[in-house]
Amino acid sequence: MLLIPCPNCGPRDETEFHYGGQAHVPYPENPNELSDTEWSRYLFYRENPKGTFAERWVHSTGCRQWFNMLRDTVSYDIQAVYPMGTPRPDRSPRVTPESGTASTAPDSTTTGTAGPSTSTTSILTTTAPEGATK
Amino acid sequence: MSADLLPEHPDFLWRNPEPKSSYDAVIVGGGGHGLATAYFLAKNHGMTNIAVLEKGWLAGGNMARNTTIIRSNYLWDESAAIYEHALKLWEILPEELEYDFLFSQRGVMNLAHTLGDVRESIRRVGANKLNGVDAEWLDPQQVKELCPILNIRDNIRYPVMGATYQPRAGIAKHDHVAWAFARKCDEMGVDIIQNCEVTGFLKDGDRVVGVKTNRGTINTEKVGLCAAGHSSVLAEMAGFQLPIQSHPLQALVSELHEPVHPTVVMSNHVHVYVSQAHKGELVMGAGVDSYNGYGQRGSFHVIEQQMAAAVELFPIFARAHVLRTWGGIVDTTLDASPIVGLTPVENMFVNCGWGTGGFKGTPAAGMTFAHTIATGAPHKLNAPFSLERFETGALIDEHGAAAVAH
């Protein structure tokens, strides 16, 4: 079972959370102009890396807030937790073009004994839908 | 001891050749689907200058990590057609392959626990019958007659309100299935190459012309991908994307018991499926873990929930011990149906996305995929399972009948 460091509530069992799939998938800017191929990409195609993956989780039985997480899909190590709407932290070779500067969330690991540091992470109190901010 | 006394030992069932520098076709993935594909390429299409590449050992991936259930009671016409074809092949393959893999048609029940389940199940029985698939609706008493150890009392959280029943469904011994295909492939001249990991592909424009491996480069005219959970990784190497998400799926077995469980019982709602293996272990499966993963292990709470459901349905299992648990990596699609067909890369074909139900589909996957590789066009049975369906919208939404939530 994963021990997930909720940015608001601290480390909690995976059973308290729900998975939201890949993070940073923006809603198409001009939906009316998309071709069938482009729609299929938006609806059905997601990254499926063997390695670091940026994904969304919601602490459904806790604070009920969404957040983003970097997790290794082979070792299941949790590498970073960061707020919705902020770019992916630069922590792996798979760097998305938008990341690199802002938001290096505090390290949070599955084995970390310390509670999550919220000092440097400004957790958004609203859960903006993905794509509202790319 | 001489080899004659050990006819079933895998070492004596096929050669372990060095890879040649070129083949007419290369199948990536030496599990059930890859071996079945090679078998039908050789048998139906006369292609014997082919290789099956396996990065580990033969049939050591999902083929060794599933609950061996075989059935064809799917809802939609396209699925019923391909899975029923598979079931018909399962019925004749032991003789055709001259190797018994203990296909036991002991029947499969899919339990209904809510009014919604009941309606969906009865609808599915009707759909099955229209498609020539054997199916019956059983009331709780009939369920009890078929499987006396099932608890059908109505004082549990999700009482058994009935079940669909497919008498021709059952289980087979998965290792023997793989060995049977491998032995026949080898006899027909197919090279089965283990410990051979694909590291890249050679392309000439949009056409694949070879495979790079940790044991050298192999030139080939055609490539078939049969790598289940790792299909996305291979596709990325080849320069295209698949609408696949890989998830861990766990199963477990108990210690050995006397024969107590005469059939196969599945429940989508409380999420457990149980059969008793030929040797006597209770074999149980559950749902996939929600998150993406390649780690071949899953979360303990999934097992916990599955055991709770099992003990409620089968009170006599309460004191059975779990012997071992394991996880496979399943490649799921958004409509819970497989992808068998062409890819954006010319002469490269893909067979993936079988999710939690790949074992039962093995023979039909092999037969139709071999047809696609040999002729360059889909067989009528796999034509609906194309990659294009995600663009055309002609999805085959089998979430209900796939039986394992994913």
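**Entry 1. Strand E11 of chain B**

I began with E18(B), where B:Val350 is the bridge partner of B:Leu225. I note at the outset that the model is predicted. B:Leu225 led me to strand E11 (residues 216-225) of chain B, which is joined to strand E18 (residues 348-352) of chain B by three bridges, the two running parallel.

I next looked up the pairing of E11(B) with strand E1 (residues 22-28) of chain B and found six bridges, again with a parallel run. Within this pairing I recorded B:Tyr23, whose bridge partner in E11(B) is B:Thr220.

I then turned to strand E10 (residues 207-213) of chain B, which pairs with E11(B) over four bridges in the antiparallel sense. Here I found B:Asn219 of E11(B) opposite B:Gly210. I entered E10(B) and E11(B) as a hairpin, with two residues between them.

**Entry 2. Helices H2 and H8 of chain B**

I looked up how helix H2 (residues 77-96) of chain B packs on helix H8 (residues 358-375) of chain B: the angle is about 95° and the axes lie 8 Å apart. Because angles of 65 to 115 degrees count as roughly perpendicular, I entered H2(B) as roughly perpendicular to H8(B).

I then listed the residues that make the contact. H2(B) contributes B:Ile82, B:Tyr83, B:His85, B:Ala86, B:Leu89, B:Trp90 and B:Leu93. From H8(B) I noted several, among them B:Phe359, B:Lys360, B:Pro363, B:Ala364 and B:Met367. I sorted the residues of this contact by class and obtained 10 nonpolar, four polar and one charged.

**Entry 3. The sheet of chain A**

I moved to chain A and traced an open sheet of four strands, in the order E3-E4-E5-E6, with antiparallel pairing. I recorded E3 and strand E6 (78-82) of chain A as the edge strands, since each pairs on one side only. From one strand to the next, I noted an average twist of 30°.

I examined strand E3 (residues 18-22) of chain A further. Its link to strand E4 (residues 52-58) of chain A consists of three bridges, and the two strands run antiparallel. I located two of the facing positions: A:His18 is opposite A:Val58 in E4(A), and A:Tyr19 is opposite A:Trp57 in E4(A).

Is E3(A) enclosed by the rest of the structure or open to the outside? I found four of its five residues buried, so I entered E3(A) as largely enclosed by the rest of the structure. I add that E3 is nevertheless an edge strand of its sheet, pairing on one side only.

Note on methods: Residues are numbered from 1 along each chain as its sequence is written. Chains are lettered from A and ligands numbered from 1 in the order in which they are written. This is a predicted model: local features need pLDDT of at least 70, side-chain atom pairs count only at pLDDT 80 or more; totals for chains, interfaces and linings use all residues. Side-chain values use heavy atoms; hydrogens and water are left out. Axes are lines fitted to C-alpha atoms, for helices over the stretch in contact, and angles run from 0 to 180 degrees between N-to-C directions. Angles under 35 degrees count as roughly parallel, over 145 as roughly antiparallel, 65 to 115 as roughly perpendicular and the rest as oblique. Contact means heavy atoms within 4.5 Å. Ala, Val, Leu, Ile, Met, Phe, Trp, Tyr, Cys and Pro count as nonpolar, Asp, Glu, Lys and Arg as charged, and the others, Gly among them, as polar. Two strands pair if DSSP finds at least two bridges between them. Buried means under 20% relative accessible area, exposed over 50%, partly exposed in between (1.4 Å probe, protein chains only).
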